[in-house]
Each structure stands twice: as structure tokens, then as C-alpha cells.
Amino acid sequence: MVSREHFDIVLMDIHMPEMDGLEALRRIREMPAGKGDIPVVALTANAMKGDREKYLAAGMDDYVAKPIDHLQLASVIAAQVGLELETGSPLPETAEEAQLPYSEDLVESAAALFDDFADLVANKR
């Protein structure tokens, strides 16, 4: 899909049928500039000590362990596409508390994306 369409970021599941996430990442990185340099974030249930470093060393731009924390994922996506979430410490409980520095339409789109993603995962079980 990356070779045919434009994306701002790829959320890459590590364990997929037919081709695992590391092989898919290798193929993306072999693409010409503009395609091959897209940010790729590993999404995986592999959450043992050293797994994050392993995926970053393999060329992933970031790593999010499952079960996915929506605020962590939003923070990673924002960082990879050049946005900063203004979240103090500790992380806010809701997206509204995060004081996201972009339009309400984008916040609503992100919320819909998370809902679609959750539905997709639920239907794959």
C-alpha cells in the first residue's frame, strides 16, 4: 500500500500473516526517498525487556506495546508527524485534558481513527 498511496505514518503490526512487520519494514525502507523514509511505528505484543531496542535497531521509528494506550499512541503519532502534544506529567486522563494544539476537526478525526482501529482489532479476534 505504501508504494501505491501516500501516508504520513505507518502503524506496523509485527505479527501478521504472510509477511511479518520486520519484512514489511525492510521492503518499505528499500523504496525511493519520499516513500521509504516514511515514519514506521511498531505495534506489538512483544513487550519484554529489550524488545523496544530490537525494533528501533531494525529501523522502526518508534514502538508501542499492546495493549495499546490511546494517549501513548497519540503521543507517538504526533511526535512522528512533527506535532507536539502539550501534556504535562502525568499524562492526562482524556484527550480533552491533553490540550492538543490543533483543530477540533483533527481531534475528531483521530478519535474516529481510534474507534475504527478498535473495531478492526475486535473483528480480527
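## Thr44 and its neighbours

Let's start at Thr44, which sits in strand E2. Leaving aside residues up to four places away in sequence, Thr44 touches Ile14, His15, Tyr55, Tyr63, Val64, Ala65 and Lys66. Bear in mind that this is a predicted model.

Is Thr44 buried or exposed? Its relative accessible area is 0%, and buried means under 20%, so Thr44 counts as buried. The side chain of Thr44 also reaches the backbone nitrogen of Asn46, at 2.9 Å.

## The overall layout

Stepping back, the protein chain has 4 helices and 3 strands. Follow the sequence along and you meet them in the pattern β-α-β-α-β-α-α.

The protein chain has 125 residues, and 27% of them count as buried. Its accessible surface comes to about 8,400 Å², with 53% of that belonging to carbon and sulfur atoms. Take the contacts between residues at least 6 apart in sequence: 45% of these join residues at least 24 apart.

## The sheet

Strands of a sheet pair through backbone hydrogen bonds, either parallel or antiparallel. Which kind of pairing turns up here? The 3 strands form an open sheet in the order E1-E2-E3, and the pairing is parallel. E1 and E3 are the edge strands, each pairing on one side only. From one strand to the next, the twist averages 25°.

E1 and E2 are joined over 4 bridges, in the parallel sense. Leu11 has Val41 in E2 as its bridge partner, while Met12 stands opposite Ala42 in E2. Side chains along E1 take turns: Val10 and Met12 point to one face and are buried, whereas Leu11 and Asp13 point to the other face and are not buried.

## Helices against the sheet

Two helices are worth a look here. H1 lies across E1 and E2, and runs at about 145° to E1. H3 packs on the sheet too, touching E1, E2 and E3, and its direction makes about 170° with that of E3.

H3 covers residues 70-80, and its buried residues are Leu73, Ala74, Val76, Ile77 and Ala78. An α-helix has 3.6 residues a turn, so residues three or four places apart point the same way. What caps the N-terminal end of H3? Asp69 does the job, with a side-chain oxygen 2.7 Å from the backbone nitrogen of Gln72. Just after H3 comes Gly82, with a positive phi of about 90°.

## Two nonpolar cores

In soluble globular proteins, nonpolar side chains tend to be buried together. In this model, the largest nonpolar core has 14 residues, and Met12, Val40 and Met60 touch the most other members. Strand E1 (10-13), helix H1 (21-29), strand E2 (40-44) and strand E3 (62-65) each supply at least two residues of this core. The largest share, 3 residues, comes from H1.

Met12 deserves a closer look. Not counting residues up to four places away in sequence, Met12 touches Gly21, Ala24, Leu25, Ile28, Val40, Val41, Ala42, Leu43 and Met60. There's also a second, separate core of 7 residues, which includes Ile9, Leu43, Val76 and Ile77. Val76 and Ile77 are among the buried residues of H3 listed above.

Notes: Residues numbered from 1 in each chain as written. Predicted model: local features only at pLDDT ≥ 70, side-chain atom pairs only at ≥ 80, totals over all residues. Heavy atoms only, no water. Buried < 20%, exposed > 50% of the residue type's maximum accessible area, 1.4 Å probe, protein only. Contact = heavy atoms within 4.5 Å. Areas by Shrake-Rupley, 256 points an atom, 1.4 Å probe, with all protein chains shown as cover. Polar contact = N/O pair within 3.5 Å; in protein donor to acceptor, adjacent residues only side chain to side chain. Core = buried A, V, L, I, M, F, W, Y, C linked by side-chain atoms within 4.5 Å. Pairing = 2+ DSSP bridges. Axes fitted to C-alpha atoms, helices over the stretch in contact; angles between N-to-C directions.
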